[in-house]
Each structure stands twice: as C-alpha cells, then as structure tokens.
Amino acid sequence: MNELTKELQEIPVPRAVLVAYKYEDGPYGKRQKYHLELRPVNRDGKMGAAVPVSHEFMNTLVENYSVEMNGMPYGQIPPGLLWCDTRRGHEKYVWYNPPGKRRMYFTKGLNIENGEFNLPGIIYVVERGGLNVFAFKGERPGMDDRLCKAPYFNVNATSGSVCLGNASLQIPEAPTFDRWLEYWEKRFWMSEFSHLGGGGNPTRSNLVLVTEKARNNPFDENELLLSEKRLKDLLA
C-alpha cells in the first residue's frame, strides 16, 4: 500500500472545536469585543467544557495557516497584469497577452492537427480556483472596451469559463507573479481542445474553419463576437 492510498483511507477524527464569539454593539457603547474558547471533543463525538485557548494551540494554528499562504505570488509585477488581489479568500488575477502565436493541441475528433496558430489578444481571469478567458481586438485592451468571446474550444462562449482539461501541471511553490501567470496559461494552452463550451459557436463562422485558417494567416478579428463584458467589469 503506497502513502497516497494510506492517506485516502485515513478517517479524520475531531478532537477539538474552536468557538469564536463576537460581542455586538451594546446600549452603553460601540466597542466590539471578540472571545475565543476551545472545547475538547471526546471519543463519542461530544463536546466537553470550554477551556482557555493556549498560546501553544494558537501558534500551531498560525504556523499551519502560514504554510498554506506560501503559495501567494510575489515579486516584480508583469507588464500584462491588470488586477491583483492576494487577500486570502479574495484571490483574483486579471492579465492579458497581446496578439501572437501559440501551440495548440486537439483531440482526434476535431480533425485539427496540432500546431502553432495565430491568435487575437486574450484576457485571463483567475478567481476562486477557476479560469475565465476573453478575447479583445487590437494590441492592448482599453478599460471601456467591450471584450469578445474567446474563439476557442473548451470555453463557455457566454461566461468565458474554461473547462480545464488534461494538462498535468504541478502548482509552483512560492511562485513569482510571472511563474503564477505562466502556470495558468499552461493549464489552458497545454490541455487538449475537444469540444464547444456552453453558449454555442463563439465565432461568426464555424470554429474549426476559423482555427484552421489561423494556422498560416493572421487571426481574422472580424470573426470575433462581442461579449457582455467590458474590461472594467473584470477589474473589481
């Protein structure tokens, strides 16, 4: 039995409950006050009497929290990064790539050979562990510009949400901003494109034909369809 199997078969058993109390504004003042107590849990799953929270317990809690926070990006801000919120529980990153070329991979069912393709500008939005993508016209998106539906398979044409496919990548430890954005871009571009997302065809013409045409020609921006989003809608 390997270590992963052993971990999956382990059953977590509660041993303590941390209870936080907040004293709301009273009639004699507006000062807020917080109180923490620890209630041990016995083998029958019943909570015992409350005990004061020890410094040792809080130090362990803070240490574990700090370990989880090690994945927070740091360092020099990349030129394409438009929005960054690293607060725990509010993480959000918005950035763009100007028009260029990318290698793309496709399942056999689409009858599109893997290769490099010309692409329009693309906006990435990473939030709550998910990825949304949009396209834009020109070299750089403007705040009031209407974004376009992303002209790719695996993407919901209405919402921009991505069905992240089969790219196997390890999350970088203590990443710089550059490495963090690169990780998400690779998750998108290294996955096999396989199907139309919700909302139907995201381009004026058949997406297979649009993709094939972009193999040897600049991407035709006339194929892009406007979405309901403007760039400023994403930066909030």
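Which residue in β10 is the bridge partner of A135? Hold that thought while we set up the view.

This is a predicted model, so to speak of local features takes a pLDDT of at least 70, side-chain atom pairs count only at pLDDT 80 or more, and totals for chains, interfaces and linings use all residues. Numbering starts from 1 along each chain as its sequence is written, and side-chain values use heavy atoms, with hydrogens and water left out.

Select 130–136 to start: that's strand β9 (strands are DSSP E runs of at least two residues, helices H or I runs of at least four, numbered from the N terminus). Five of its seven residues are buried (under 20% relative accessible area, 1.4 Å probe, protein chains only), so β9 is largely enclosed by the rest of the structure.

Now add 146–149, strand β10, which runs antiparallel to β9 with two bridges (two strands pair if DSSP finds at least two bridges between them). Here's your partner: A135 bridges to C148.

On to 121–127, strand β8, antiparallel to β9 through seven bridges. E127 sits opposite G130. Two residues separate the strands in this hairpin, and R128 has a positive phi near 55 degrees.

Next stop, a three-stranded open sheet, ordered β7-β6-β11 with mixed pairing. β7 (115–119) and β11 (192–193) are at the edges with a single partner strand each, so one side of each lacks a neighbour in the sheet. Select 100–106 for β6, which pairs antiparallel with β7 over five bridges; R102 partners F117 there.

Finally, show 177–189: helix α3 lies across β6, β7 and β11, at about 50 degrees to β6 (axes are lines fitted to C-alpha atoms, for helices over the stretch in contact, with angles from 0 to 180 degrees between N-to-C directions; contact means heavy atoms within 4.5 Å).

Note on methods: Buried < 20%, exposed > 50% of the residue type's maximum accessible area, 1.4 Å probe, protein only.
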